[in-house]
Amino acid sequence: MHSATVVIDPAFTVAPVRRGTFGTFVEHLGRCVYTGIYEPGHPTADADGFRGDVLALAREMGVSTVRYPGGNFVSGYNWEDGVGPVEDRPERLDLAWHSTETNAFGLHEFMAWTKAAGVEPMMAVNLGTRGLPEAIELLEYANQRRGSARAEQRRANGADEPFGISFWCLGNEMDGPWQLGHKTAREYGRLAAETARGMRQIFPDLTLVACGSSSSGMPTFGTWEREVLEECYDQVDLISAHAYYREQDGDLGSFLASAQDMDHFVATVAATADAVGAARKTSKRINISFDEWNVWYHEDESKLPKGEDWPVAPRLEEDVYTVADAVVVGNLLISLLRNSDRVHSASQAQLVNALAPIMTEPGGPAWRQTTFHPFALTSRYARGEVLRVAVDAPTYENKRFGSSVLVDAVATHDAATGDIAVFAVNRAVDAPTTLRVDLRGVGAVEVVEALTYAHDDVHWRATQEDAETVLPRANASATVGSDGVLTVELPAVSWSVLRLRGAAA
Ligand code: AHR
């Protein structure tokens, strides 16, 4: 048995809990769109062909924002192919995923889906094979009320009211040699600046995201951010970060500490952005859109189609996640919350079927993967202000990071209701950890609920046949002593949320 202490004081705030932390991503990749969110004829489908079972799960997950339509897909996408009468839309080769894009689902369908799901759209423009003219035409089509050719085209296509999309990504992963239209940082930075300038000439108040690095392991990491921001600092609001993690070669200890890389990623990008800002003598701050993050076993699990095989909506990147993966996802959310002062938006990649918390079968059911649970509970209970917590825990050695702390945690406090949520992971693989939560400065609290996600077999996976053997369970060990200290036992390799109630303001 290990032991650790967390000190929580509501005076030490990081930033407000941002709903944008709980975004996800819908890309035209594999079965994320087709037979994922969209399947006309499915028993639960509505008149628009949207799967009702998936909509219900997306709502239950507490998704705030959805990035669309890619991803790598967007770098070869013609948005015009996806509007107008469906029977007139062309089939195209999707070079990113070696698939056929039918274009049955496009901008209007996506906007109707966001409405049904109650989420905010985050739209990406193609800066791979296309550029400024197509981006401003898409913006005009989407947001201009009436009068211009593109606005009238939208109205003729059935959307009288503008879509009012305010959140835009300027391309995707342009630092990656795999990206269609891959560019150097200077080339991309100039294109991002020009595109942003043009878009703001129509709608000055858009929130615009420039592409940062595809991972902290990219050879250009750091230099890319600096050079891109030197070109477009004044025109954009956020710079993106992407990170995927996985358990490799049985090294569970390193994998469980993945959030350490995310913390490092955020700190490095924030420092780089601030250095560019300082050299420009500006008080404007560039913050971070962590708009792709997750666990991804891509190289192991599925193969891209090849040669003359260009299937429609193939089964691609359909990772089946373990309990350990869910603990890491919960820990990555702890990192995103802890970094809420600089991470203003985040999108878990992706929502359905492709590296996703929700799985579906065509014509069949939808179910929750293990990773669904920490996301849904964090989104539900993180409220008010994120608190800076002090964690005192033993460390353990691992290959990737050298040394990592055994327990990681963050807390949120809603002064209006007195609600406190503590999110904690125990990374120990060998034994439970007794966690003492010293609620200094909070006053008397009661435990509303303690939920823990764990299983003796950390590689248990949810399947269509059995998605419910492992669910978040009440943790009866959580008690508050007469000294006001909360004690709880965290099982080995576990994620927990402790819900407390103190005095309301
Ligand atoms: O999310 C899957 C892919 O990962 C995205 O298309 C791309 O942006 C990233 O490399």
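How many bridges join strand β24 to β25? Two bridges join strand β24 (residues 479-480) to β25, and the strands run antiparallel. T479 faces T487 of β25 across this pairing. The hairpin of β24 and β25 has four residues between its strands. Within the hairpin, G484 adopts a positive phi near 80°. These details, like those that follow, come from a predicted model.

The hairpin belongs to an open sheet. Five strands make up this sheet, in the order β16-β1-β21-β25-β24. Its pairing is mixed. The edges are β16 (390-392) and β24, each of which pairs on one side only. Strand β21 (residues 433-438) runs antiparallel to β25 (residues 485-490), and six bridges join the two. T433 has L490 of β25 as its bridge partner. A parallel pairing links strand β1 (residues 2-7) with β21, again over six bridges. Here A4 is matched with L435 of β21. On the way to the β16 edge, β1 and β16 run antiparallel and are joined by three bridges. The bridge partner of V7 in β16 is A390.

A further open sheet has seven strands. Their order is β2-β15-β19-β20-β26-β22-β23, and the pairing is antiparallel. Strands β2 (13-16) and β23 (473-474) form the edges, each pairing on one side only. From the β2 edge, three bridges connect β2 with strand β15 (residues 385-387) in the antiparallel sense. T13 lies opposite L387 in β15.

The fold as a whole contains eleven helices and 26 strands. Its radius of gyration is 23 Å, close to the 23 Å that the globule rule gives for 505 residues, so the protein is as compact as a globular protein of that length. The C-alpha trace spans about 70 × 60 × 45 Å along its principal axes. Of the 505 residues, 60% are buried. Contacts reach far along the sequence. Among those between residues at least 6 apart, 77% join residues at least 24 apart. The accessible surface amounts to about 18500 Å², and carbon and sulfur atoms contribute 50% of that area. Charged side chains number 44 positive and 69 negative. The centres of the two sets are 5 Å apart.

Helix α2 (107-117) was examined next, together with the loop that leads into it. Is α2 mostly covered or mostly uncovered? The helix is mostly covered, with eight of its eleven residues buried. The buried positions are L107, H108, E109, F110, M111, W113, T114 and A117. An α-helix has 3.6 residues a turn, so residues three or four places apart point the same way. The buried residues of α2 pack against two kinds of element. The helices are α1 (52-61), α3 (132-143) and α4 (149-156). The strands are β4 (65-68) and β7 (120-125). Just after α2, G118 has a positive phi of about 70°.

N103 sits before this helix, in the loop between β6 (99-101) and α2. The relative accessible area of N103 is 1%, so this residue is buried. Which residues does N103 contact, leaving aside neighbours within four places in sequence? The partners are Y34, Y77, D81, G82, R89, P90 and R92. The set includes two tyrosines, Y34 and Y77, along with two arginines, R89 and R92.

T195 provides a second buried site, this time in helix α5 (residues 185-202). Its relative accessible area is 0%, under the 20% cut-off, so T195 counts as buried. Beyond neighbours within four places in sequence, T195 is in contact with L127, L132, A135 and L170. Two of these partners, L132 and A135, fall within α3 (132-143). I136 of α3 also lies close in space. The C-alpha atoms of T195 and I136 are separated by 7.7 Å, although the two residues are 59 apart along the chain.

Conventions: Residues are numbered from 1 along each chain as its sequence is written. Side-chain values use heavy atoms; hydrogens and water are left out. The radius of gyration is taken over C-alpha atoms; the globule rule is 2.2 Å times the number of residues to the power 0.38. Buried means under 20% relative accessible area, exposed over 50%, partly exposed in between (1.4 Å probe, protein chains only). Contact means heavy atoms within 4.5 Å. Accessible areas come from the Shrake-Rupley method with a 1.4 Å probe; for residues, only the protein chains shown count as cover. Lys and Arg count as positive and Asp and Glu as negative; His and the chain ends are not counted. The place of a charge is taken as NZ of Lys, CZ of Arg, CG of Asp or CD of Glu. Two strands pair if DSSP finds at least two bridges between them.
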